[in-house]
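This report describes the strand architecture and selected side-chain features of one protein. Please consult the sequence and the coordinates shown below alongside the text.

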Amino acid sequence: MTVSHHGALPPSPWVQRWSHLVRAGGTVLDVACGSGRHLRWFAQRGHAVTGIDRDAEALAAAAGVGTLVQADIENGPWPLRHGDGRIHTYDAVIVTNYLWRALFPTLLHSLAPGGVLIYETFAAGNETVGKPSRPDFLLQPGELLRLCAPLRVVAYEDGFLEGPARFVQRIAAVHEAGTGAAPARYPL
């Protein structure tokens with residue numbers, strides 16, 4: 001098996017654009033991190049990073065960049081838990097080019113108060129331009145908004161991108177702490 005193409009690519013422009021929402025020095029979890037393009041992006045900005053992926057070879061390419069966890073999160077238990085079973089929380093959860101709907105509640109529970117979810121993956125329509133093409137791997141119109149309903153959506157896009165041609169949905173959303181103070185200001 002070859003190393004995931006994720007390591008050869010620069011960080012997603014969507015991730016770059018919204019990374020300023022992550023608390024300075026905060027913890028970042030990259031789910032299905034591949035060979036670590038987003039781990040490197042956040043580590044270079046002073047964040048403690050954790051990456052999880054099932055591909056040992058891809059993770060090897062990210063060696064030395066934060067904490068790496070090899071796990072099959074689709075067929076096994078969520079491995080990022082405290083000894084008492086509580087899910088570890090992070091100041092940001094990053095997901096790109098990956099969709100496993102059953103994992104969404106866990107992703108939301110992995111956000112600390114004030115934490116940011118930055119998510120970007122393929123959407124319906126992608127089957128007309130390439131892979132992935134199976135409906136299991138394509139978000140339906142508005143689906144990402146519905147999945148993130150408990151969060152404060154700061155930005156959302158659903159459409160077509162060139163180079164390479166693909167249909168995507170992407171979101172930047174915050175788990176608001178609910179302090180009752182003045183509304184938070186999320187710079188756009």
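The following paragraphs treat the sheet, its strands and then individual residues. The model discussed is a predicted one.

**The sheet**

The central element is an open sheet of 7 strands, arranged in the order S3-S2-S1-S4-S5-S7-S6 with mixed pairing. Strand S3 (67–70) and strand S6 (152–161) occupy the edges; each has a single partner strand, so one side of each is left without a neighbour in the sheet. From one strand to the next, the twist averages 10°.

The pairings for which bridges are listed here are collected in the table.

| Strand pair | Sense | Bridges |
|---|---|---|
| S1 and S2 | parallel | 5 bridges |
| S1 and S4 | parallel | 4 bridges |
| S4 and S5 | parallel | 6 bridges |
| S5 and S7 | antiparallel | 7 bridges |
| S6 and S7 | antiparallel | 9 bridges |

**Strand S1 and its neighbours**

Strand S1 comprises residues 27–31, and 4 of its 5 residues are buried, so the strand is largely enclosed by the rest of the structure. Strand S2 spans residues 48–53 and runs parallel to S1. Within this pair, Val31 stands opposite Ile52 of S2. The connection from S1 to S2 passes through helix H2 (residues 37–43), forming a right-handed β-α-β crossover.

S1 also pairs with S4, again in the parallel sense. Here the bridge partner of Val31 is Val95 of S4. Val31 thus has a partner in S2, Ile52, and a partner in S4, Val95.

**Strands S4 and S5**

Strand S4 covers residues 90–96 and includes Thr96. Is Thr96 buried or exposed? The limit for a buried residue is under 20% relative accessible area. Thr96 has a relative accessibility of 3% and therefore counts as buried. Thr96 and Val15 are separated by 81 residues in sequence, while their C-alpha atoms are 8.6 Å apart in space.

Strand S5 (residues 111–122) is mostly covered, with 10 of its 12 residues buried. S4 and S5 are parallel partners, and Tyr90 has Leu111 in S5 as its bridge partner. Between S4 and S5 the chain crosses through helix H4 (residues 104–109), and this β-α-β crossover is right-handed.

**Strands S5, S7 and S6**

On this side of the sheet the listed pairings are antiparallel. S7, which spans residues 166–174, runs antiparallel to S6, and S5 likewise runs antiparallel to S7. Which residues stand opposite Ala172 in S7? In the pairing with S6, the residue is Ala155; in the pairing with S5, the residue is Ile118.

**Cysteines and aromatic side chains**

How many disulfides does a search of the whole structure find? The search returns 0 disulfides. A disulfide is a covalent bond between the sulfur atoms of two cysteines. Cys33 has a relative accessible area of 3% and is therefore buried. Cys148 also counts as buried, because its relative accessibility is 0%.

When ring centres within 6.5 Å are taken as pairs, the count comes to 3 aromatic pairs. A charged side chain is also placed over an aromatic ring: Arg45 lies over the face of Trp41, at 3.1 Å from the ring centre.

Terms used:
Residues numbered from 1 in each chain as written. Predicted model: local features only at pLDDT ≥ 70, side-chain atom pairs only at ≥ 80, totals over all residues. Heavy atoms only, no water. Pairing = 2+ DSSP bridges. Helix = DSSP H or I, 4+ residues; strand = E, 2+ residues; numbered from the N terminus. Axes fitted to C-alpha atoms, helices over the stretch in contact; angles between N-to-C directions. Buried < 20%, exposed > 50% of the residue type's maximum accessible area, 1.4 Å probe, protein only. Phe/Tyr/Trp six-rings, centres within 6.5 Å; stacked < 30°, edge-to-face > 60°. Lys NZ or Arg CZ within 6 Å of the ring centre and 35° of its normal. Disulfide = S-S within 2.5 Å. Right-handed = clockwise from strand over helix to strand, strands pointing away.
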